[in-house]
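Open the model in your viewer and switch on a cartoon view. The tour below goes from one selection to the next.

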Amino acid sequence: MDAAQIDKRQSAIAVVSTQMGVSMTGRFRDFSGTVNFDPATPDHRSVKLSIKTSSYDMGNDMYGEQIRDRKWFDTASFPVATFVSNAITPEQGAVKRSSAN
């Protein structure tokens, strides 16, 4: 099976964290990647993502500025994050979990 391009219109990369006891969710808005997934061949499943770190959005400009600072993502030094995995686990018929190498 050939790698499928990830469709950003139908995909999301969300990050859930807790800050001072409050759950917060942010999303990366700019990313691309490919997925190889065939239920019949678990040993040949893979995903590769390239994520523009400055595209992280928490819905608040002040938090956005802080998260892009060098204390957190340091987007000036690390403009792209890459996620590569060969371990994809199906859940209820959909790909939902992947573990990084």
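Select Gln 19 and Val 22 to begin: Gln 19 stands opposite Val 22, which belongs to strand 3. Keep in mind throughout that the model is predicted.

Now widen the selection to residues 13-19, which are strand 2, and residues 22-28, which are strand 3. These two strands run antiparallel and are joined by 7 bridges. Together they form a hairpin, with 2 residues between the strands. Click on Met 20 in the turn; its phi is positive, about 55°.

Next, colour by secondary structure. The protein has 1 helix and 9 strands. Starting at the N terminus, the elements follow the order β-β-β-β-β-β-α-β-β-β.

Select strands 1, 4, 5 and 7. These 4 strands make up an open sheet in the order 1-4-5-7, with antiparallel pairing. Which strands are at the edges? Strand 1 (4-5) and strand 7 are the edge strands, and each of them pairs on one side only.

Stay with strand 1 and add strand 4, residues 31-36. The two pair in the antiparallel sense over 2 bridges. For one of the contacts across this pairing, pick Ala 4: its bridge partner in strand 4 is Val 35. Side chains are worth showing at this point. In a regular strand they alternate between the two faces of the sheet.

Now turn to the aromatic rings. A search of the whole structure finds 3 aromatic pairs. One of them is formed by Tyr 56 and Phe 73. A pair of aromatic rings is described by the distance of the centres and the angle of the planes. For Tyr 56 and Phe 73 the centres are 5.3 Å apart and the planes are at 85°, an edge-to-face arrangement.

What does this pair tie together? Tyr 56 is in strand 6 (residues 56-57), while Phe 73 is in the loop between helix 1 (61-68) and strand 7 (80-85), so the pair ties together parts that are 17 residues apart in sequence.

Show the surface around both residues. Tyr 56 counts as buried because its relative accessibility is 5%, under the 20% cut-off. Phe 73, at 28%, counts as partly exposed. Add Phe 28 to the selection: Phe 28, Tyr 56 and Phe 73 form one aromatic cluster.

Finally, select the whole protein. Of its 101 residues, 23% count as buried. The protein exposes about 7,400 Å², and carbon and sulfur atoms supply 49% of that area. Among contacts between residues at least 6 apart in sequence, 50% join residues at least 24 apart.

Note on methods
Residues numbered from 1 in each chain as written. Predicted model: local features only at pLDDT ≥ 70, side-chain atom pairs only at ≥ 80, totals over all residues. Heavy atoms only, no water. Phe/Tyr/Trp six-rings, centres within 6.5 Å; stacked < 30°, edge-to-face > 60°. Buried < 20%, exposed > 50% of the residue type's maximum accessible area, 1.4 Å probe, protein only. Pairing = 2+ DSSP bridges. Contact = heavy atoms within 4.5 Å. Areas by Shrake-Rupley, 256 points an atom, 1.4 Å probe, with all protein chains shown as cover.
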